[in-house]
Structures are given as C-alpha cells and as structure tokens.
Amino acid sequence: MALIHCDFYSEVLGLSCSMSVILPQPASAQPGAPAPRSGRRHPTLWLLHGLSDDHTMWQRRTSIERYAAPLGLAVVMPAVHRSFYTDTTFGYRYWTYLSEELPLVARSLFPLSEAREDNFVAGLSMGGYGAFKLALRQPERFAAAASLSGALDLTVPPEETEEAFLEELRLIFGDFDTFPGSDNDLMHLAERITASDGPQPGFYAWCGTDDFLYQQNVNFRDHARRLGLDLVYEEGPGGHQWSCWDRQIQRVLQWLPLARPQDGAFRE
C-alpha cells in the first residue's frame, strides 16, 4: 500500500486543504499486499473524522492501512475541521467541498473509481453524521455508508451540552428551530429516501452503550426501522473511544458490499 499526504487548494473554501490517501500497491514481496486488479480504478472508502480530529487521525489511532490492504481498497481521509460537513451559516461551504469538489480533485490526482458500486463512506462521531448525510443526500453515488458512534439525531442535542458548543452548532447550522426537516437533518433525510423510488444505499451503525451519543443512535435506529430503511444496527460495551472504533472499522470493512480476493485475484 502507498500512503500519500496530499495538500491542495480548494476553490470552494478558498483555503489550502489536506487529505491522507491510502492507495493499493500490488507488490508480491510485501506481506498483505493486494492482488493485481487488471488496471481497474480502485474502489474507494471515503473515511471521515470526528469533531476534534483531522485527516491524520484514522491512521494515527487505528490500523486502517493494514485492514484495507488485502481488500485492494483505496481510502480517502479529508480534513474538514469542526464543520459538521455542512455549508455553514458563517460562510464556509464544507458540504459543497465534500460532496462536489473533493471527489473531482481526488479522482484527478489518483486512480479512483467513479462507479457507485465502488464507492463507500464511513466515519466516526461527527464523521458518522457526515457519512450518513452523504449517502442519504446522494444515494446515486454510494453503495453503502457506515457510522461509528455517530451524531445521528441532532434534533435532540445530548443532555448537559455546554452552551458554548450549542452556540458553535448555531454558527454551523443556524437556528435550531429551522433544523428539523432541513437537508441537514438525518431523520428527515431518512424519511425522504425511503419515500423515493431512487437507489438506496445500505447503512450500518454501531454505538457503544456507554457513549454519550447512544440515545441519538437508538433514536435513529428506531426511526429507520419504522421507515423500512436498509440499516444494520449493532451496539456493545464501550464509550466514545478509539479502542472501540479500531475494532469496529474492521467490522465495517467486512460488511461493505465489496468484491473480495478469491483464489489470489479480485473478481472483475
């Protein structure tokens, strides 16, 4: 596998931005290296970070490169700061950056597949919110989305949330009175996608039972079940911590509808 730390300019944000990219590199002498893929562009996992993290954190806190290597899977990890993957009310269009500009930039620089069946998105905490928002709003682009300890029901902020953080959320999303039913409300987006005749990705959510976002995950799970959304929901002991996410990202990779190595080669 090749690890690339990429700095580039975003026209949408008017900022220099960064992403880390893991690319399959077939190498017969390297343990765990992927098998050749006959020149195909790589299937891609867009892997999103949490509120206090950046584009390096998945690599620093988990073994994502080692887990992705035998799958021949590229992993793109962008930095979006504390944006909640949203076009903020104070002017920075992080949703537009993530959903429109970043894929074009990444595919212009790296051999990444554009096919829906080759594209997946996942994230933790704030990134779980971003992953589900991407798949719910752009189901024609993603085959699957996964959330680990995600902020999945922002219509109900966690109890005892500090006023400073609530004010930060208002700067991002605007007045909370206008949030329910908006394009930033995952509960509403789930209703919209299940009422449509278009493609529907598969969804996977996991949360620790000791996590402060646990109730938000239960709320989304119950809502999804009422709607008939294709959601695999799992939970277990644990809090909002990397020891859980390192374990669960392996489960996510097993769950993805991804062509697997077979008899030393990938299926075409």
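Contact here means heavy atoms within 4.5 Å of each other. Keep that in mind while looking around this predicted model, starting with one of its helices.

**Helix 3 and its neighbours**

Helix 3 covers residues 94–109, and there's a kink of about 45° in it at glutamate 101, shortly before proline 103. Twelve of the 16 residues in this helix are buried, so helix 3 is largely enclosed by the rest of the structure. Among those buried residues are Tyr94, Trp95, Tyr97, Leu98 and Val105, and both Glu101 and Pro103 are on the list too. What do the buried residues of helix 3 pack against? They pack against strand 1 (2–10), strand 2 (15–23), strand 3 (44–48), strand 4 (74–78), strand 5 (119–124) and helix 4 (126–137).

**Nonpolar cores**

In soluble globular proteins, nonpolar side chains tend to be buried together. Here, the largest nonpolar core has 57 residues, and Met19, Phe84, Val121, Phe132 and Phe220 touch the most other members. Another core, of 32 residues, lies apart from it, with Leu71, Ala122, Ile249 and Val252 among its residues.

**Salt bridges**

Side chains of opposite charge can pair when their charged atoms come close. The whole structure holds eight salt bridges. Three of the pairs look like this:

| Acidic residue | Basic residue | Closest N to O |
|---|---|---|
| aspartate 118 | arginine 40 | 3.1 Å |
| aspartate 222 | arginine 221 | 2.9 Å |
| glutamate 235 | arginine 221 | 3.9 Å |

Take the pair of aspartate 118 and arginine 40, which form a salt bridge. Aspartate 118 sits in the loop between helix 3 and strand 5, while arginine 40 sits in the loop between strand 2 and strand 3, so the pair ties together parts 78 residues apart in sequence. Aspartate 118 is buried, at 8% relative accessible area, whereas arginine 40 is partly exposed at 28%.

Arginine 221 pairs with aspartate 222 and also with glutamate 235. Glutamate 235 belongs to strand 8 (residues 231–236) and arginine 221 to helix 7 (residues 214–227), so that pair links parts 14 residues apart in sequence. Arginine 221 is buried, with a relative accessible area of 16%, but aspartate 222 is partly exposed at 27% and so is glutamate 235 at 35%. Elsewhere, Glu163, Glu167 and Arg170 are linked in a salt-bridge network.

**Cysteines**

How many disulfides are there? The count is zero. For cysteine 17, the nearest cysteine sulfur belongs to cysteine 6, 10 Å away, and cysteine 17 is buried at 5% relative accessibility. Cysteine 244 isn't in a disulfide either: the nearest cysteine sulfur, that of cysteine 207, is 9.0 Å away. Cysteine 244 is buried, with a relative accessible area of 3%.

Terms used: Residues numbered from 1 in each chain as written. Predicted model: local features only at pLDDT ≥ 70, side-chain atom pairs only at ≥ 80, totals over all residues. Heavy atoms only, no water. Bend = angle between axes of the 7 residues up to and from the residue. Helix = DSSP H or I, 4+ residues; strand = E, 2+ residues; numbered from the N terminus. Buried < 20%, exposed > 50% of the residue type's maximum accessible area, 1.4 Å probe, protein only. Disulfide = S-S within 2.5 Å. Core = buried A, V, L, I, M, F, W, Y, C linked by side-chain atoms within 4.5 Å. Salt bridge = Lys/Arg side-chain N within 4 Å of Asp/Glu carboxyl O.
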